[in-house]
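Here is a brief report on one protein model. Keep the structure open while reading.

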Amino acid sequence: MKRGILVASLLILSLVAAPAGAFSADDLRITLDTDGSADVTFNYTLSWLERIAVFFRIAEPEKELKNALETATGSPVTVTSAMSDSATFSIRNFAKVRSTDEGSVYSTPALDFTGAQEVLDSYWFAPLVKADFSPDLTLVRFPDGHEETFANQYAIPALSHTIP
């Protein structure tokens, strides 16, 4: 009994004394297909505390990202892969495609990551975590190979690109 109390006390003390963990959005890659669907890959870094939470399925980053993408796009999102440091999604109708005299115009929705902090705050480990939800690099690739890139931005504007 005394040993259990001692171990629990040491565990609590180590959590209190441990440095704050960090979530860091590393890169977000959006690749559009000719029909406007997209494959999205989000790479991120989790702290040791977040890795434990993910391991025990207390926090599931891929589900939170899926919900955020569905809200932003208004389209259903499928999680195609989820690991401790990345998640891959498939989104039908991510970009709106319309034909004009100049060619096919692809219009993507704006993406805003500022609401992610509110989601994080709902978890028990939130006070222990410092988070940066702005991807170091966001890349949007259109079907013709044209790319738009953004660095360290919490909000990605809606984009439009015409393919002749």
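Start with S86. This residue lies in strand 4. The model is predicted. S86 counts as buried because its relative accessibility is 7%, under the 20% limit for that class. Beyond its neighbours within four places in sequence, S86 is in contact with F42, N43, Y44 and S81.

**Overall build**

The protein has four helices and twelve strands. Of its 164 residues, 35% count as buried. The accessible surface comes to about 9400 Å², and carbon and sulfur atoms hold 58% of that surface. Take the contacts between residues at least 6 apart in sequence: 55% of them join residues at least 24 apart.

**The nonpolar core**

Nonpolar side chains tend to be buried together in soluble globular proteins. Here the largest nonpolar core has 26 residues. Those with the most contacts inside this core are L28, I30, L32, V40, L69, F94 and L111. Strand 1 (21-32), strand 2, strand 4 (86-91) and strand 12 (159-163) each supply at least two of the core residues.

Which residues does L111 touch, not counting those up to four places away in sequence? They are L28, I30, L69, A72, Y154, A155 and I156.

**Pocket and cavity**

The second largest pocket has a volume of about 180 Å³. Its lining consists of L28, V40, F42, L65, A68, L69, T71, A72, F89, L111, D112 and F113. Strand 2 (38-45), helix 3 (61-73) and strand 7 (111-112) are the elements that give two or more residues to this lining. Helix 3 gives the most, with five residues. By class, the pocket lining divides into ten nonpolar residues, one polar and one charged.

A search of the whole structure finds one cavity of 30 Å³ or more. The largest cavity has a volume of about 40 Å³. It is lined by I30, F94, T108, P109, L111, V140, I156, P157 and L159. This cavity lining has eight nonpolar residues, one polar and no charged. L111 appears in the pocket lining and also in the cavity lining.

**A72 in helix 3**

A72 is found in helix 3 and is one of the residues lining the second largest pocket. Is A72 buried or partly exposed? It is partly exposed, because its relative accessible area is 30%, in between the 20% and 50% limits. Leaving aside neighbours within four places in sequence, A72 is in contact with P109, A110 and L111. A72 and F94 are 22 residues apart in sequence, and their C-alpha atoms are 9.5 Å apart in space.

**Two asparagines with positive phi**

Most residues other than glycine have a negative phi. N93 has a positive value, and so does N152. N93 lies in the loop between strand 4 and strand 5 (96-100). N152 lies in the loop between strand 10 (147-150) and strand 11 (155-156). N93 is partly exposed, and N152 also counts as partly exposed.

| Residue | Phi | Relative accessible area |
|---|---|---|
| N93 | near 60° | N93: 42% |
| N152 | near 50° | N152: 46% |

**Where the parts meet**

L111 links several of these descriptions. L111 is among the core residues with the most contacts. L111 also touches A72 of the pocket lining. I30 and F94 are likewise among the core residues with the most contacts, and both line the largest cavity.

Terms used:
Residues are numbered from 1 along each chain as its sequence is written. This is a predicted model: local features need pLDDT of at least 70, side-chain atom pairs count only at pLDDT 80 or more; totals for chains, interfaces and linings use all residues. Side-chain values use heavy atoms; hydrogens and water are left out. On a 1 Å grid over the protein atoms alone, a cavity is a set of points where a 1.4 Å probe fits but cannot get out, and a pocket is an open set with protein on both sides within 12 Å along at least five of seven lines; lining residues have an atom within 4 Å of a point. Grid points are joined across faces, edges and corners, and a volume is the space filled by probe spheres set on the points. Ala, Val, Leu, Ile, Met, Phe, Trp, Tyr, Cys and Pro count as nonpolar, Asp, Glu, Lys and Arg as charged, and the others, Gly among them, as polar. A nonpolar core is a set of buried Ala, Val, Leu, Ile, Met, Phe, Trp, Tyr and Cys residues joined through side-chain atoms within 4.5 Å. Buried means under 20% relative accessible area, exposed over 50%, partly exposed in between (1.4 Å probe, protein chains only). Contact means heavy atoms within 4.5 Å. Accessible areas come from the Shrake-Rupley method with a 1.4 Å probe; for residues, only the protein chains shown count as cover.
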